[in-house]
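User: I'd like a close look at one spot in this protein, with the rest of the chain as background. Here's the model.

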Amino acid sequence: MMRFYQTSCSRNGSKAEQEKPTSLDSQPSFCSVPSIKSLCHDQSFSRNLETQHRCIANLKGQNSYTSSLVLGGKFLFTGSSDKEICMWEQKALTSTIDASIIDTVIAGEGAVKSLVILADKLFSAHQDHKIRVWRIENHDTDTPKIVHLATLPLLSDRVFKFMVPKNHVQIRRHKKSTWVHHVDTVSALALSNNESFLYSVSWDRTLKIWRTNDFKCLESIANAHDDAINALEISQDGDVFTGSADKKIKIWRKEEKKHLLVCTLEKHKSGVNALAVGRSSTSSHSVLYSGACDRSILVWEKDESGDMVLVGALRGHKKSILCLAVVADLVCSGSADKTVRVWRGVERCYSCLSVISGHNGPVKCLTVTSDQQIPSDTTSSYVLYTASLDGETKVWKIFVPFL
């Protein structure tokens, strides 16, 4: 068992030199954080960890590459780099023939950067600085539809804030806006555990909190980072994690009516692109995974005092980590090296179970879920959805042997 490594968890968030990657090429790796030792110390254990995967569908129909994915009920929703949101039926994605789109809507301008599902509502984050809310109508019929419900911030919210001068903030020289507006690409969304609040982050360096029942903006944290915010996750205990091109991960916690910065994690050597949250196999605490342009996935856990500590790094990708997803004890990572890696973590030790090749471009986003259709006494089955800058969105079955 390897020992913990204490993070630089500064309470005041000391500034670091900014470094915003200008391409998908990875930044230099580093050796200050040790790799997590593999579980496969003997051949018998290695044989037990043999994992199989196969591509079962290739989704076509969008006019450009998929930039976001989310599963909701019996549907898969995809957002494209060319303002499309498409709805697919999950059970139809089980063969190698091309699946068809159930419904498509065109929203705003530019890429759809993030999608989040809440009951029959879909929230989408856009490159045009807006958040849009959609209702999934007739979802129990053969003709479900995506219907536009609202655009955030709401007109009523904008007008009310505009009338009061103290609600205006300087966004650049000679230009002001109200604090409810994002003024750059909205890069990620996340729901609170009780689904009462929607969190959004942006390349404008702000973190905003919205109420989901009336879509009102309740709070905005300006200059939450020193550079564009790329990633957002929420733990089971309500902590909010943000990852940025400034190389930092920050942890925010709600105290009474406001969110306060409680910790800054500074171990990555280049911009943070992706975050994912899982549950520790040794405690009830959350595990945070962070992926960056330094080609490493860092694994963080809480110690006995409640502080986040660094367990180690998962290495193997040859270029930047662009996306992460967690299901059960598996971590899936997509990279600019055109591959997806599947990792398993047991008692703070990790092993790479599989390297999935098949895309001809960087893997931009992915999501994964347990497969309930094929029960087995020897393996767990998962369905993995991956999307690449090559314009293809693929569906994979993964079979992982029980430990």
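Is serine 124 buried or exposed? And what surrounds that residue?

Analyst: One thing up front: this is a predicted model, where local features need pLDDT of at least 70, side-chain atom pairs count only at pLDDT 80 or more, and totals for chains, interfaces and linings use all residues. Residues are numbered from 1 along each chain as its sequence is written, and side-chain values use heavy atoms, leaving out hydrogens and water.

Now your residue. Serine 124 is buried, at a relative accessible area of 0% (buried means under 20%, exposed over 50%, partly exposed in between, with a 1.4 Å probe and protein chains only). Serine 124 sits in strand β8, residues 121–126; helices (H or I, at least four residues) and strands (E, at least two) are DSSP runs, numbered from the N terminus. Its side chain makes a polar contact with the side chain of tryptophan 134, at 2.9 Å. That term covers a pair of N or O atoms within 3.5 Å; within protein, one must be able to donate a hydrogen and the other to accept it, and residues adjacent in sequence count only if both atoms are side-chain atoms. Leaving aside residues up to four places away in sequence, serine 124 touches Ile85, Val112, Ser114, Leu115, Lys130, Ile131, Arg132, Trp134 and Leu189, where contact means heavy atoms within 4.5 Å.

Zooming out, the chain has two helices and 31 strands. Of its 403 residues, 54% count as buried. Among contacts with a separation of 6 or more, 51% are between residues 24 or more positions apart.

A couple of backbone oddities are worth a look too. Leucine 152 and proline 153 are joined by a cis peptide bond, with omega about 0°, and proline 153 falls in the loop between β10 (145–152) and α2 (155–162). Asparagine 138, in the loop between β9 (131–137) and β10, has phi near 55°, a positive value in a residue other than glycine. Asparagine 138 is partly exposed, at 43% relative accessibility. Arginine 348 also has a positive phi, near 65°; that residue lies in the loop between β27 (340–346) and β28 (349–356) and is partly exposed at 21%.

If you care about cysteines, the structure holds zero disulfides, a disulfide being a pair of cysteine sulfur atoms within 2.5 Å. For cysteine 323, the nearest cysteine sulfur belongs to cysteine 365, 6.4 Å away. Cysteine 323 counts as buried, at 6% relative accessibility.
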